[in-house]
Number of protein chains: 2
Amino acid sequence: MKKTIFIFTSLIIALLAIFQINKYHLISQDVSMQFVIATIAVVFFIIGSVISKKTSHSITVSSQEINQAKIDELGISNREHEVLCKVAEGLSNKEIAHQLYVSESTIKTHVSNLLVKLNAKRRTQAVQIAKKLKIIPL
Amino acid sequence: MKKTIFIFTSLIIALLAIFQINKYHLISQDVSMQFVIATIAVVFFIIGSVISKKTSHSITVSSQEINQAKIDELGISNREHEVLCKVAEGLSNKEIAHQLYVSESTIKTHVSNLLVKLNAKRRTQAVQIAKKLKIIPL
DNA sequence: ATGAAATTCATACTTTAGTATGAGTACAAT
DNA sequence: ATTGTACTCATACTAAAGTATGAATTTCAT
């Protein structure tokens, strides 16, 4: 958000500079004046689009962004969350173990801990709960 | 989208009009010139924001209906679909059996058939695939 | 450096899940 | 009436998932 303000401010300064240049050198020429105005319009149009996209990204897409606060609240560790995502993809413990280069028993431990933390009885239920809490993507 | 183009065009014309007025009446006054430029900037910033918001809205919102055609294509029966939804809720075979007033072996049969039809190895994967194909809610 | 939390792994066990096979019932279409 | 489809159920089995316990290692902040 600070970046946005910075960029915004810079562009205003830049445009004022262009205006000043225009004022002292080309003030009476229609063509350059229209060019300046067109440039300003385009630049601010782009700025508006970008900012809107970024802010609306955190609003509309927030329904698909992970809720880190909830993860912390439930005491789910990084590794556990990683495993949880793999479980949500429909992978078996063995497949997850291979993908993460650990043993199957390690995955079993993680899954077991996840079930407790998510208050679930099965991995399918854990996925369902995790999606409801928005702690896993989509 | 046609509305957007219309609004966009109208505003360009409006701004050019303002420019013309400015040209013939206030061309030498800095204050009004800056005002015009500021107005242009703000207007186009708003236009950019609105357009961006509308387009991104139409992208993010459109997605939440079940695909009956796909269900038929895969040859999934009513009962199977019913079971599939229960599986997606994270229920066990036994729990589903109780809810549907049938035996657990019946559910096992349905699930087994579903796995074949959805080309899945596990129930978790079946849920994942089903959601991707939009044949189960959310 | 030390203690807490995180990660890893194993073994032994119980419980679900999933497969294979066969079969009975009901119902709609031919 | 016969055929096909959907639904039901059982038995017996294999495979995967999940629990419990204990322990070694690593990481990280106090």
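Contact here means heavy atoms within 4.5 Å. This is a predicted model, in which local features need pLDDT of at least 70 and side-chain atom pairs count only at pLDDT 80 or more, while totals for chains, interfaces and linings use all residues. Residues are numbered from 1 along each chain as its sequence is written, chains are lettered from A and ligands numbered from 1 in the order in which they are written, and side-chain values use heavy atoms, with hydrogens and water left out.

**View 1. Chain A as a whole.** Chain A has 7 helices and 0 strands, where helices (H or I, at least four residues) and strands (E, at least two) are DSSP runs numbered from the N terminus. Along the sequence that reads α-α-α-α-α-α-α. Of its 138 residues, 38% count as buried; buried means under 20% relative accessible area, exposed over 50%, and partly exposed in between, with a 1.4 Å probe and protein chains only. Take the contacts in chain A with a separation of 6 or more, and 59% of them come from residues 24 or more positions apart. The chain exposes about 8,300 Å², with carbon and sulfur atoms supplying 63% of that; the areas come from the Shrake-Rupley method with a 1.4 Å probe, and for residues only the protein chains shown count as cover.

**View 2. The protein surface around DNA strand D.** Here 19 residues surround the strand, and the closest are Ser112(A), Arg123(A), Ser77(B), Arg79(B) and Ser103(B). A residue gets into this set if one of its heavy atoms lies within 4 Å of the strand. By type, the surface splits into 3 nonpolar, 10 polar and 6 charged residues. For that split, Ala, Val, Leu, Ile, Met, Phe, Trp, Tyr, Cys and Pro are nonpolar, Asp, Glu, Lys and Arg are charged, and the others, Gly among them, are polar. On the DNA side, 76% of the strand D atoms within 4 Å of the protein belong to sugar or phosphate, and the rest to bases.

**View 3. Polar contacts to the phosphates of strand D.** A polar contact is a pair of N or O atoms within 3.5 Å; within protein, one must be able to donate a hydrogen and the other to accept it, and residues adjacent in sequence count only if both atoms are side-chain atoms. Arg123(A) brings a backbone N or O atom to 2.7 Å from a phosphate oxygen. Ser77(B) has a polar side-chain atom 2.2 Å from a phosphate oxygen, and a side-chain N or O atom of His110(B) sits 2.8 Å from one. The elements giving two or more residues to the surface near the strand are H5 (93–100) and H6 (104–117) of chain A, plus H4 (78–88) and H6 (104–117) of chain B.

**View 4. The two sides of helix H5 in chain B.** In this helix (residues 93–100), Asn93(B), Ile96(B), Ala97(B) and Leu100(B) are buried. Seen down the axis, they fall within an arc of 105°, so they line one face of the helix; the arc is that of the directions from the helix axis to the C-beta atoms. Cover for the buried residues includes H4, H6 and H7 (123–132) of chain B. On the other side, Lys94(B) and His98(B) are exposed. Tyr101(B) follows the helix, with a positive phi near 60°.

**View 5. Leu100(B) and Ser92(B) close up.** Leu100(B), in H5 of chain B, has 10% relative accessibility and therefore counts as buried. Leaving aside residues up to four places away in sequence, Leu100(B) touches Arg79(B), Glu82(B), Val83(B), Lys86(B) and Ile107(B). Glu82(B) is 18 residues from Leu100(B) in sequence and 9.1 Å away, C-alpha to C-alpha. Ser92(B) is in the loop between H4 and H5 of chain B and, at 16% relative accessibility, is buried. With the same sequence neighbours left out, Ser92(B) touches Arg122(A) and Arg123(B).
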